Amino acid sequence: MNRAGNLIGSTDLHDSLENLRNRAAKRIDSAESLEELAVIESETIGKKSLIANARRELRGIAPEKRREIGQLINETAKSLSGGIEIRRVVLRSMVEESRLREDAADMTLPGRIPLRGAPHLIREVMNEIVDIFVSIGYSVITGPEAETDYYSFTALNIPPTHPARLSTDTLYLDYGDTPEGVNLRPHTSPMQVRHMEKHDPPVYVVVPGRVFRRDALDPTHSPVFHQVEGLAVDTDITFGDLKGTLAYFAQEFFGAKTRVKFLPSYFPFTEPSAEMHAYANGQWLELLGCGMVNPAVYEHVGYDPEKVTGFAFGMGVDRMAMVRHGVTDLRHLFDPDIRTLEQFR
Ligand code: PHE
């Protein structure tokens with residue numbers, strides 16, 4: 001019965017079709033995938049199947065017999081395609097079930113806790129410093145890290161020959177044909193000038209920010225570090241105001257009993273100038289440079305030096321962060337090692 005001719009010509013046509021149907025039905029019921037079922041479908045009832053061949057041969061059969069045989073063939077085909085559809089539904093649901101099983105989430109597993117960020121030590125200490133000044137009426141401003149010679153030096157009364165301008169000290173940017181040098185600011189003081197240019201006195205501002213100097217990285221130096229600048233300009237501001245304000249700051253930051261001392265110093269943009277040291281954690285620390293704003297700076301920003309007085313200061317944040325947290329090597333603060341950073345959450 002492997003040729004259609006045999007099928008139709010067989011004496012017991014009914015039995016033959018029955019036989020075909022049984023064998024095909026067995027294959028259909030044991031098909032294990034939708035792909036396998038599709039192959040079986042095309043072989044049993046498809047265009048090149050025995051059933052299809054038998055249908056084609058019907059045309060050559062005597063009309064009296066044709067009806068009966070045709071009916072038989074149709075019934076067989078119908079029953080096979082019904083079986084195929086049922087098997088297809090079963091296989092589809094098996095596929096779906098196994099997909100669900102694979103995708104299933106195990107609700108009893110412990111969750112994965114995402115790494116939570118935290119402010120860096122330096123940022124935290126910087127915020128703490130700034131907050132102390134905000135609490136006594138200062139505003140917070142920030143400015144560009146790439147500066148011009150004018151703001152970094154000239155307007156701050158730093159002469160053209162001053163060593164700070166040398167490329168051994170200051171990092172310069174190659175900025176094409178700019179009329180003056182563009183540097184990575186070596187201090188936050190340029191913002192004194194930028195702020196006074198745009199605002200009339202009284203001025204009470206602090207400037208937190210990143211600064212750059214041509215230093216090699218070692219336990220106490222880094223080419224990138226942080227400062228908080230301060231500027232107070234008003235009428236009748238005295239050196240006593242400077243001392244009182246900065247001593248108050250040190251006591252807020254390190255504790256009420258903290259002692260401070262002022263040593264004479266020199267900065268071109270303040271006159272007189274001083275360094276303030278504070279006694280904290282058993283040692284004297286140089287915290288900041290300061291002084292009364294040099295009248296030469298007022299000239300650059302269009303303030304009348306006869307009418308205003310003021311003081312300025314600039315402190316190093318990184319060293320204060322080290323003292324506050326007992327860090328002995330500055331490089332730890334710039335090391336992106338999560339084990340270091342995690343200790344200070
Ligand atoms: N700009 C100085 C420095 O970087 C610090 C300073 C600021 C000194 C303001 C006096 C007044 O060393």
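**Notebook: ligand site, salt bridges and backbone**

**Entry 1. The ligand**

I began with Arg213: an N or O atom in the Arg213 side chain lies 2.9 Å from an oxygen atom of the ligand. I note here that the model is predicted.

I then looked for other polar atoms beside the ligand. In Gln227, a polar side-chain atom is 3.0 Å from an oxygen atom of the ligand. In Ser189, a polar side-chain atom is 2.9 Å from a nitrogen atom of the ligand. How much of the ligand does the protein bury? On its own the ligand exposes 320 Å², and the protein buries 90% of that.

I also looked up the ligand's neighbours. There are 14 residues around the ligand, and the nearest are His187, Ser189, Arg213, Gln227 and Gly314. The ligand takes up the space of the largest pocket.

Which strand gives the largest share of the shell around the ligand? I found that β10 does, with three residues. At least two shell residues come from each of the strands β6 (224-234), β9 (283-293) and β10 (309-316).

**Entry 2. Ser189**

I went back to Ser189, one of the residues that come nearest to the ligand. Ser189 sits in the loop between β4 (182-184) and α8 (190-198).

Is Ser189 buried or exposed? I wrote down buried, because the relative accessible area of Ser189 is 4% and the cut-off for buried is under 20%.

The Ser189 side chain has protein partners too. One polar contact, of 2.8 Å, joins the side chain of Ser189 to that of Glu229. Another, of 3.5 Å, joins the side chain of Ser189 to that of His187. His187 is itself among the residues that come nearest to the ligand.

**Entry 3. Salt bridges**

How many salt bridges does the structure hold? I noted twelve and looked up some of them.

The first pair on my list was Arg27 and Glu43. They form a salt bridge in which the closest N and O atoms are 2.9 Å apart. Arg27 belongs to helix α2 (residues 13-30) and Glu43 to helix α3 (residues 34-45); the two are 16 residues apart, and the pair links distant parts of the chain. Arg27 is partly exposed at 37% relative accessible area, and Glu43 is partly exposed at 42%.

Next I took Arg99 and Glu96, whose side chains meet in a salt bridge at 3.4 Å, N to O. What separates the two along the helix? Both are in helix α5 (residues 63-103), and because they are three residues apart, about one helical turn lies between them. Glu96 has a relative accessibility of 38%, so I entered Glu96 as partly exposed. Arg99, at 46%, is partly exposed as well.

My next pair was Glu128 and Arg324, with a salt bridge of 2.3 Å between their side chains, N to O. Glu128 is in helix α6 (residues 121-134) and Arg324 is in helix α11 (residues 317-325), so the bridge ties together parts 196 residues apart in sequence. Glu128 is partly exposed at 29% relative accessibility, and Arg324 is partly exposed at 30%.

I also found a network: salt bridges link Glu41, Glu85 and Arg88.

**Entry 4. Cis peptide bonds and positive phi**

I turned to the backbone. Why look up these places at all? Most peptide bonds are trans and most residues other than glycine have a negative phi, so exceptions are worth a note.

Where are cis peptide bonds found? One joins Pro201 and Pro202, with omega at about 5°. Pro202 is placed in the loop between α8 and β5 (203-212). Another joins Glu271 and Pro272, with omega at about 0°. Pro272 is in strand β8 (residues 270-280).

Then I looked up positive phi values outside glycine. Asn157 has a phi near 65° and lies in the loop between α7 (149-152) and β3 (172-173). The relative accessibility of Asn157 is 31%, so Asn157 counts as partly exposed.

Asn281 also has a positive phi, near 50°, and is found in the loop between β8 and β9. Is Asn281 buried or exposed? I entered exposed, because the relative accessibility of Asn281 is 59% and the cut-off for exposed is over 50%.

Notes. Residues numbered from 1 in each chain as written. Predicted model: local features only at pLDDT ≥ 70, side-chain atom pairs only at ≥ 80, totals over all residues. Heavy atoms only, no water. Salt bridge = Lys/Arg side-chain N within 4 Å of Asp/Glu carboxyl O. Helix = DSSP H or I, 4+ residues; strand = E, 2+ residues; numbered from the N terminus. Buried < 20%, exposed > 50% of the residue type's maximum accessible area, 1.4 Å probe, protein only. Near = heavy atom within 4 Å. Polar contact = N/O pair within 3.5 Å; in protein donor to acceptor, adjacent residues only side chain to side chain. Areas by Shrake-Rupley, 256 points an atom, 1.4 Å probe, with all protein chains shown as cover. 1 Å grid on protein atoms, 1.4 Å probe; cavity = no way out; pocket = protein on both sides within 12 Å on 5 of 7 lines; lining within 4 Å. Sits in = over half its atoms within 2 Å of the grid points.
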